[in-house]
Amino acid sequence: THSEKSATISRMKRRVTITLSLALLTGVVRADLTEQQAGRIAKRVGQIIGQIHYRQIKVNDDISRIHLDNYLNSLDFGHMIFLQSDVDEFRKRYGTQLDNEIKFGKNIRPAQIIFKKYIERLTQRQKLVDELLKKKMDYTKNEHFNPMRNKLPWPETKEEVENLWRTRIKYELLADRLTISKDGK
């Protein structure tokens, strides 16, 4: 029927949209810099930050923690890619080290390591989305999904990740169904 055909097309569109979104998130512009060049740039940026800010803020451990959290949030704004254990490990390893890396122009290795983990987790999430989209969603079950997850914690377990992504997909598919439906039912 026409209704089934529309639903099938809608699911296909949603799958393509989700897959493209994840693919775009993995697209990276790479500059061909050596680690030494990148380290010198980081050192100079740290010096400039301290000089031009109106309070003459020194790059220190507190600033290091803030920048680490900002970097993690810029990669995973919705807190759906990293695990809490990833974030805890990054904070433990780099929370007070980024300022030293910048001050001494050593390297940008922490950012590279974090980004590598991000790509690894993003690839896992993409595979999970592909699996979840093959399954039938149960719309009779009363569940909640908060699309504004940037203030919420990262998931802690694989089960939490799967549930989070399943409810997100269900939320988006349901939203599509409601916009396609002429009578709002």
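**A salt-bridge network and two helices**

Student: In this predicted model, how far apart are the closest N and O atoms in the salt bridge that E143 forms with R166?

Tutor: Side chains of opposite charge can pair when their charged atoms come close. A salt bridge is counted here within 4 Å, and E143 and R166 form one, with their closest N and O atoms at a distance of 2.5 Å.

Student: Where do E143 and R166 lie, and how many residues apart are they in sequence?

Tutor: E143 is placed in the loop between α6 (109-134) and α7 (158-180), whereas R166 belongs to helix α7. The pair therefore ties together parts of the chain whose separation in sequence is 23 residues.

Student: Which residue of helix α7 meets E143 in a salt bridge at 2.7 Å, N to O, and is that residue buried or exposed?

Tutor: The salt bridge at 2.7 Å, N to O, joins the side chains of E143 and K170. This pair links distant parts of the chain, 27 residues apart, with E143 in the loop between α6 and α7 and K170 in helix α7. Because buried means under 20% relative accessible area, the value of 8% makes the α7 partner, K170, buried.

Student: Which residues are joined into one network by salt bridges that share partners?

Tutor: E143 and K170 meet side chain to side chain in a salt bridge. Salt bridges that share partners bring these two into one network with two further names, so that the members are K141, E143, R166 and K170.

Student: At what distance, N to O, do the side chains of K141 and E143 meet, and how accessible are these two residues?

Tutor: K141 has a relative accessibility of 48% and counts as partly exposed, while E143, with a relative accessible area of 22%, is partly exposed as well. Their side chains meet in a salt bridge, and the N to O distance is 3.9 Å.

Student: How many salt bridges does a search of the whole structure find?

Tutor: The pairs described above, including that of E143 with K170, belong to a chain with seven helices and zero strands. Across the whole structure, the number of salt bridges that the search finds is eight.

Student: What span is expected for α7 at 1.5 Å a residue, and what is the distance between its end C-alpha atoms?

Tutor: α7 has 23 residues, and the expected span takes 1.5 Å times one less than that number. The expected span and the distance between the end C-alpha atoms of α7 agree, because each is 33 Å.

Student: Which helix gives the most to the negative patch on the surface?

Tutor: The patch of negative charge gathers D88, E131, E156, E159, E160 and E162. One of these, E160, is found in helix α7 and is partly exposed, with a relative accessible area of 38%. The helix that gives the most to the patch, with three residues, is α7.

Student: Is H79, whose phi is a positive value, buried or exposed?

Tutor: H79 is placed in the loop between α3 (61-75) and α4 (84-94), and its phi is near 50°, a positive value in a residue other than glycine. Since buried means under 20% relative accessible area, the value of 5% for H79 makes this residue buried.

Terms used. Residues numbered from 1 in each chain as written. Predicted model: local features only at pLDDT ≥ 70, side-chain atom pairs only at ≥ 80, totals over all residues. Heavy atoms only, no water. Buried < 20%, exposed > 50% of the residue type's maximum accessible area, 1.4 Å probe, protein only. Helix = DSSP H or I, 4+ residues; strand = E, 2+ residues; numbered from the N terminus. Patch = residues over 30% accessible without salt bridge, like charges linked within 9 Å, V, L, I, M, F, W, Y side chains within 5 Å. Areas by Shrake-Rupley, 256 points an atom, 1.4 Å probe, with all protein chains shown as cover. Lys, Arg positive; Asp, Glu negative; His and termini not counted. Charge placed at Lys NZ, Arg CZ, Asp CG, Glu CD.
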